[in-house]
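Welcome, and take a moment to look over the structure before reading on. We will start with charged side chains and then turn to a pocket.

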Amino acid sequence: MSKFKPFQFVSFLVFIFFYLINPKFAISEIETQDLLANLENTLNEKKLNQLSNFFNEDNLILIQNQFLDLTEDFQNLEWEITNKNTEEKDNFITVKLTGTKLVNGEKFYLVSNFDYYFQLINGKISDGIIKNDLTTIRNDKDYIDINIDIPNKVLSGSNYYLDIIINPPLGSEIYAGGLMAHNENDLFGQNIVLEPLLAGGIFKTTRASSQPGYQVWTGVIAHKEGIISFTKTVEITDEL
């Protein structure tokens, strides 16, 4: 068995968005959509000094520092905000984040998708939440297709399945993989143990904690063409 320390910038992507929002709806649908479109442009243009136009003062310094770290790791980040839904109680958007990073001469490709539920206070984002996050970083040029089948939400105290399916199934090639759980505030400094994969992926059953909250799963698949690492956020709730 070998050990692989997950990239800190993978964990960072999950960590950063737990700070973003949860405000009160206070402006019209058109104004909300304009705000989100302008935020998307500001993020893509890396205009750090303009984030105060979008975020409540309480979170601004933290967000600016994290945004700076993120842009230093991935200098060609692209943000895409879609599904701007303001018809429900909370605003809802889907965010896709892509970028690349060189590590020891290898190019790693980042793809992060998450749903963002929020309200607004006085026209600014404040104290919010991300759901259904899935982030992958890989350097194998999509040599294999993997299906990360981990639920977005589970009942507290219930059993649930973790299926990381490799397509097509393993033939004569040798793969290794590992998967481990983290609490939302404990994402750094841990190793994943890699073991040979004798089937078509990683298949586990786990039990949700008895208290509502979030659990983050970090996994790695290694093969002859490179490495795939991923994080998946699971919401633990008292009711579905």
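Is aspartate 142 buried or exposed? Aspartate 142 is exposed, with a relative accessible area of 57%. Keep in mind, as you follow along, that what you see is a predicted model.

From aspartate 142, look for its partner. Aspartate 142 forms a salt bridge with arginine 138, and their closest N and O atoms are 3.5 Å apart. The two ends of this pair sit in contrasting surroundings: aspartate 142 is exposed because its relative accessible area of 57% is over the 50% cut-off, while arginine 138 is buried, with a relative accessible area of 13%.

Arginine 138 has another partner to show you. A salt bridge joins arginine 138 to aspartate 140, with 2.7 Å between the closest N and O atoms. Here both residues, arginine 138 and aspartate 140, are buried. Put these contacts together and you have a network of salt bridges that links Arg138, Asp140 and Asp142.

Why do such pairs form? Side chains of opposite charge can pair when their charged atoms come close.

Now move to another part of the chain, where lysine 101 forms a salt bridge with aspartate 73, the closest N and O atoms being 3.0 Å apart. Lysine 101 belongs to strand 3 (residues 91–103) and aspartate 73 to helix 3 (residues 57–73), so this pair ties together parts that are 28 residues apart in sequence. Lysine 101 is buried, at 18% relative accessible area, whereas aspartate 73 counts as partly exposed, at 28% relative accessibility. If you would like to hunt for others, a search of the whole structure finds six salt bridges.

Let us leave the charged pairs and look for open space. Rolling a probe the size of a water molecule over the atoms shows where empty space is left. In this model, the largest pocket has a volume of about 160 Å³.

Which strands supply at least two residues each of its lining? They are strand 9 (176–183), strand 10 (192–196) and strand 11 (201–207). Strand 11 gives the largest share, with four residues. To find the pocket yourself, pick out some of its lining residues, including Gly177, Leu179, Val193, Glu195, Pro196, Ile202, Phe203 and Lys204. By character, the lining of the largest pocket divides into six nonpolar, three polar and two charged residues. Glu195 and Lys204 are among the residues you will meet there.

Methods
Residues are numbered from 1 along each chain as its sequence is written. This is a predicted model: local features need pLDDT of at least 70, side-chain atom pairs count only at pLDDT 80 or more; totals for chains, interfaces and linings use all residues. Side-chain values use heavy atoms; hydrogens and water are left out. On a 1 Å grid over the protein atoms alone, a cavity is a set of points where a 1.4 Å probe fits but cannot get out, and a pocket is an open set with protein on both sides within 12 Å along at least five of seven lines; lining residues have an atom within 4 Å of a point. Grid points are joined across faces, edges and corners, and a volume is the space filled by probe spheres set on the points. Ala, Val, Leu, Ile, Met, Phe, Trp, Tyr, Cys and Pro count as nonpolar, Asp, Glu, Lys and Arg as charged, and the others, Gly among them, as polar. A salt bridge is a side-chain nitrogen of Lys or Arg within 4 Å of a carboxyl oxygen of Asp or Glu. Buried means under 20% relative accessible area, exposed over 50%, partly exposed in between (1.4 Å probe, protein chains only).
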